[in-house]
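Work through these exercises with the structure open beside you. Try each task before you read its solution.

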Amino acid sequence: MRESLFLIALLIPLSLTGQVKFDTTASGLPYVIFTENNTKKIHLRDVIIFNFKQVTESGELLYSTYQDSLALKIQITPPQHITDLMEFLLLLHEKDSAMVKIPSDTIFEGYEEFRPPSIPKGSPLLFFVKIEKVQTMDELLTETLERMERLRKEEIEKTARFLAKSDLKPIFTASGLGYVVVKRTERIKPAVGDTVLVNFMARTLDGRFIESNRPEEMRPEVPGIGGGELKFTAGKGEVIRGWDEGILLMTEGSIFKFIIPSKLAFGMEGSGEAIPPFTTILLEVELVKIIPAGKARARRGQVVREIKENWDREK
């Protein structure tokens, strides 16, 4: 059913498209609506989701969004050029299936060296489209806010279920960061600006591996950082907010488990496929070493002096 437009259209021999009754846009582009619906009409600034196929006049398929199961989502803007399809799309309604002919010469103007042999000069390209959804900006904003609120509630519920089933009894800070002391020490705590060296392993609450610097925790499909302890400056935003806050609670040599809500991690955007939006992260951290800020600066100054002395000796 999803490809009904194209099944219908391609049953019409493309060599006989001259027999199809075409209308024309204001700029003269031939188009035909195969299945016209009395539904929501497309207007300027609306956001639409649509599928399309790009076909040569001889019937060769050049591209299809169905191949990747990836419908396009765009905002309708004032037409700037006949190749942007805006003039054509503004004629359609939600669920319409239609086709428009675009002169290939306008597409390859100034780029003739990229024209394939299957698209001769003077021939049109046929764009078959199926309008899946039409929304105003207000409707889109409302839908987005509702989806975000639903995901936020689901995150809270998932965390509650995880804690109910686990043996962890975290302490929560005012920001919402949860932490459990796995190994306690009586050594120094890092201050903002200190350099810290850590071992870590991150997972989602359902146990899915995210990242680690420990060789034994590596996954072939999700490489870790590797190369020894991770080094970063405490409290300076070099890691996610929850980790930046949590590292200041630790002491040198200690091991903590942190439950980091999405608002202190990767938020509503997430981070690639591994971390969807509104994902709480379970992070285990061993604070191996603290290099106080003054010592770190002194060490950097010593390294610079040693490099300069080596240069001077080589002159």
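**Exercise 1.** Decide whether Ser-64 is buried or exposed, and find its partners.

*Solution.* Step 1: take the cut-offs. Buried means under 20% relative accessible area, exposed over 50%, and partly exposed in between (1.4 Å probe, protein chains only). Step 2: apply them. Ser-64 has 1% relative accessibility, so Ser-64 is buried. Step 3: place the residue. Ser-64 sits in strand E4, residues 61–64. Helices (H or I, at least four residues) and strands (E, at least two) are DSSP runs, numbered from the N terminus. Step 4: list the contacts, meaning heavy atoms within 4.5 Å. With neighbours within four places in sequence left aside, Ser-64 touches Phe-52 and Lys-53. Step 5: check the side chain. A polar atom of the Ser-64 side chain lies 3.1 Å from the backbone nitrogen of Tyr-66.

A note on the source: this is a predicted model, where local features need pLDDT of at least 70 and side-chain atom pairs count only at pLDDT 80 or more, while totals for chains, interfaces and linings use all residues. Residues are numbered from 1 along each chain as its sequence is written, and side-chain values use heavy atoms, with hydrogens and water left out.

**Exercise 2.** Compare the settings of Lys-95 and Phe-278, then state the phi of each.

*Solution.* Step 1: recall the general rule. Most residues other than glycine have a negative phi. Step 2: look at Lys-95. Its phi is positive, about 80°, although Lys-95 is not a glycine. Lys-95 lies in the loop between helix H2 (86–89) and strand E6 (97–103). Its relative accessible area is 38%, so Lys-95 is partly exposed. Step 3: look at Phe-278. This residue, also other than glycine, has a positive phi near 60°. Phe-278 lies in the loop between strand E13 (255–260) and strand E14 (281–291). At 15% relative accessibility, Phe-278 is buried.

**Exercise 3.** Which residues are closest to the centre of the largest pocket, and what lines it?

*Solution.* Step 1: define the pocket. On a 1 Å grid over the protein atoms alone, a pocket is an open set of points where a 1.4 Å probe fits, with protein on both sides within 12 Å along at least five of seven lines; lining residues have an atom within 4 Å of a point. Step 2: take the volume, the space filled by probe spheres set on the points, which are joined across faces, edges and corners. The largest pocket holds about 380 Å³. Step 3: name the residues. There are 18 lining residues, and Lys-158, Leu-205, Asp-206, Phe-278 and Thr-279 are the closest to the centre. Step 4: find the main contributor. Helix H4 (residues 137–165) gives the most, eight residues.

**Exercise 4.** How far apart are Ala-265 and Val-239, in sequence and in space?

*Solution.* Step 1: count along the chain. The two residues are 26 apart in sequence. Step 2: go from C-alpha to C-alpha. The distance is 8.9 Å. Step 3: place Ala-265. Ala-265 is in the loop between E13 and E14. At 19% relative accessibility, Ala-265 is buried. Step 4: list its contacts beyond four places in sequence. These are Ile-240, Ile-260 and Ile-281.

**Exercise 5.** Where is Phe-209 found?

*Solution.* Step 1: Phe-209 is in strand E11, residues 209–212. Step 2: Phe-209 is buried, at 9% relative accessible area. Step 3: Ile-275 is 66 residues away in sequence and 10.0 Å away in space, C-alpha to C-alpha.

Terms used: Polar contact = N/O pair within 3.5 Å; in protein donor to acceptor, adjacent residues only side chain to side chain.
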